[in-house]
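Work through the exercises below with the sequence and the 3D structure at hand. Try each task before reading its solution.

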Amino acid sequence: MADSPARESGGPPPLGAGGLPVDEFTLRAVVAGVLLGLVFGAANAYLGLRVGLTVSASIPAAVMAVAVFRALGRRGTILEANISQTIGSASTSLASGTIFTIPALFLWGMAPPYLQVVALCFLGGVLGLAAMIPLRRILIVDARDELPYPEGTACAVVLKATAGAAGAGTWIFRGIAVAAAVKLATGLFFLFPSELSAKLPVLPNGVLSLELAPALLAVGYILGYRQSGVLVAGSLVSALVLIPLITWIGGGLPTPLFPETTRPISEMGASDIWSRYVRYIGAGAVAVAGLLTVVKNLPTMGSAFAGVVRSFSRKRRREVETLGAVPATDRDLPGSFVVGAILFVIAVAAFVPGIFAGGMGPLPRAVCAAGVAVFGLLFVTVAARIVGIVGVSSQPTSGITLVTLLGVASIFAAAGWTEPAARAAVLTVGTIVAVAASKAGDISQDLKTGYLVGATPARQQLGQLIGAAFACWAVAGTVLLLGGAYEFGTKEIPAPQAVLMKTIIEGVLSGALPWGLVLSGGGLAIGAMLCGVSGLAFAIGVYLPLASMAPIYVGGCLRAWAERRRTAAPGESDPGILAASGLVAGEGLTGVLVAALVAFGVAPRSLPPRIPGVAGMAVTIVVLMVIAALLLRAARSGSNLSLDRPESERRPPG
């Protein structure tokens, strides 16, 4: 694989043997990227619907692309691998935006058509890509000393280092195999229990539980100990404080307590209390934490937007003064594409019936299209710059979506459009804007990678467009398939972010919310933020069951254990991250396969485990230890990738 030194400024593209240009936008690179995009798009959609977060696909896609090229007997160039990871990672942003909103339509009994979800994903991807193109020179080149773009820099170093790491992709494929085997054993053949639980003797309805989910352990390993600890802390508050407290206080009431209308609390178990009471507390916590995150970042967002506006005048002066040919490494897709793509998105949103859910008339569609234009272009600009400082991990996507929904819903409420169709229309505005903002953050990191390895920006931008055009089908199919096989908002597929958005829209348009519970959750989030921890991570923990958060914490503990025992040099990477990425992909893909079998009636939704009781629990513990051993062994194997994946190379809640 041809190498290229990291660049500190613009320059010619790298040259191969004999001074010939290095292969870049080749058929094998595009095909590999598209296939990786389908894999990580489906896996991230599955993961996001499970726990409300996704993981970045850039580094795993880069390593897997190199491994695929070698398996085919050809050593691809560094620029080919970069194109593959650019196309492959395009799916992450589409999954992030879709999982935030689309499941809420199912909860309203308005399941969207497949092509509508595909169109929403694609339009958001095109808007985010097109609006980011004019910002590339300003943010990636001119502000290279100010904006490090941590994920993009890390991926560039990994791309160069994989030239000498023939086995770099081994751990990813091992992780895929292990996770697939575990998911088939528990989700299709029901060989042993998929969850460990124990009731506490003192706390009423107090239950400790842990789900056997390779993807969740992997997420905890990627997040690290601190972030996974914050997540499980919120879940412990729900499981060991809120649920027992509600049980104890309400156990003596002879009648149901609002919002429950049929059963008194004395007849409810822990899961019932979570569904009818704690879920609203968690939704309030996430909503308040998301809004406060936006408020907290307002100075940064404002300076980011102002900096981009100021830079445009300098850019225009430089373009007038520079009359020579633009080198390949500084060439973007033409301005006609930028303007045409943005106008295309707005026009399709405004004039094509069926893009927004609800089937409303021309005037509400025009308002929705205006919301896409205003909030989409604003947040694309903000997201593209802010991720350069704090990374994709701290991009407040949930806050961006909340602000968009609140803004559009307020206009709808003022106009008297409060029927169910109006709720659905507002929600799908949030889909496009969330995808666009996420896309801008992701492509910014990819363009930084390309800048450091000598890639052609126009080819990367075209690759992102191709990736979005293919991944939108996989992401939409995954969401609809899981929605048909299971029920969103339940233990199997909680879809926490979408439930939150549904709650917010209902609150603005109808006011039918238990505001006491919602605001109590907001108080918990504020308390967590005052303690100096991530309010969104804590709030997601409050909302999701302990069974889902406990394996994430176990993964974080494994990461801490591995880091303490590592003997590698400080600059070397942790191959455990690659194994964890494989676990996410393996369980995600297998989970989609199982959901398809359930949806078509080939497999049952659930059955009692074939190995029940203590023996089954023992098998579950052994399997859990096998997954842990895989991560620890990968971490101890060492690597010559030269740079550890930063903590920002993941996408936590928000």
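The exercises go from the whole chain to single residues and pairs.

The model is predicted: local features need pLDDT of at least 70 and side-chain atom pairs count only at pLDDT 80 or more, while totals for chains, interfaces and linings use all residues. Residues are numbered from 1 along each chain as its sequence is written, and side-chain values use heavy atoms, with hydrogens and water left out.

**Exercise 1. The whole chain**

Task: State how many helices and strands the chain has, and what percentage of its residues count as buried.

Solution:
- Step 1. The chain holds 22 helices and two strands. These are DSSP runs, numbered from the N terminus: helices are H or I with at least four residues, strands are E with at least two.
- Step 2. Of 654 residues, 60% count as buried. Buried means under 20% relative accessible area, exposed means over 50%, and partly exposed is in between (1.4 Å probe, protein chains only).
- Step 3. The exposed area of the chain is about 23400 Å², of which carbon and sulfur atoms supply 67%. Such areas come from the Shrake-Rupley method with a 1.4 Å probe; for residues, only the protein chains shown count as cover.

**Exercise 2. Two residues of helix 1**

Task: Decide whether Asn-44 is buried or exposed, and find which residues make a nonpolar surface patch with Val-31.

Solution:
- Step 1. Asn-44 is in helix 1. Asn-44 counts as buried because its relative accessibility is 0%.
- Step 2. Beyond its neighbours within four places in sequence, Asn-44 is in contact (heavy atoms within 4.5 Å) with Thr-54, Val-55, Thr-92 and Ala-95.
- Step 3. Val-31 also lies in helix 1. With a relative accessible area of 40%, Val-31 is partly exposed.
- Step 4. Leu-27, Val-31, Leu-35, Leu-38 and Phe-470 make a nonpolar surface patch of about 470 Å². Helix 1 (residues 27–51) gives the most to this patch, with four residues. Patches are made of residues with over 30% relative accessible area and no salt bridge; like charges are joined within 9 Å, and nonpolar side chains (Val, Leu, Ile, Met, Phe, Trp, Tyr) within 5 Å.

**Exercise 3. A pair of helices**

Task: Describe how helix 8 and helix 22 cross.

Solution:
- Step 1. The axes of helix 8 (residues 170–187) and helix 22 (residues 613–636) come within 11 Å and cross at roughly 175°. Therefore helix 8 is roughly antiparallel to helix 22.
- Step 2. Axes are lines fitted to C-alpha atoms, for helices over the stretch in contact, and angles run from 0 to 180 degrees between N-to-C directions. Under 35 degrees counts as roughly parallel, over 145 as roughly antiparallel, 65 to 115 as roughly perpendicular, and the rest as oblique.
- Step 3. Residues of helix 8, including Trp-171 and Arg-174, meet residues of helix 22, including Val-623 and Arg-633.

**Exercise 4. Salt bridges**

Task: Find where the two partners of the Arg-136 and Asp-330 salt bridge lie.

Solution:
- Step 1. A salt bridge is a side-chain nitrogen of Lys or Arg within 4 Å of a carboxyl oxygen of Asp or Glu. The count is twelve salt bridges.
- Step 2. The side chains of Arg-136 and Asp-330 meet in a salt bridge at 2.7 Å, N to O. Arg-136 lies in helix 6 (residues 136–142) and Asp-330 in the loop between helix 11 (270–321) and helix 12 (335–351), so the pair ties together parts that are 194 residues apart in sequence.
- Step 3. Arg-136 counts as buried at 2% relative accessibility, and Asp-330 as partly exposed at 23%.
- Step 4. Arg-136, Arg-137, Asp-330 and Asp-332 are linked in a network of salt bridges.
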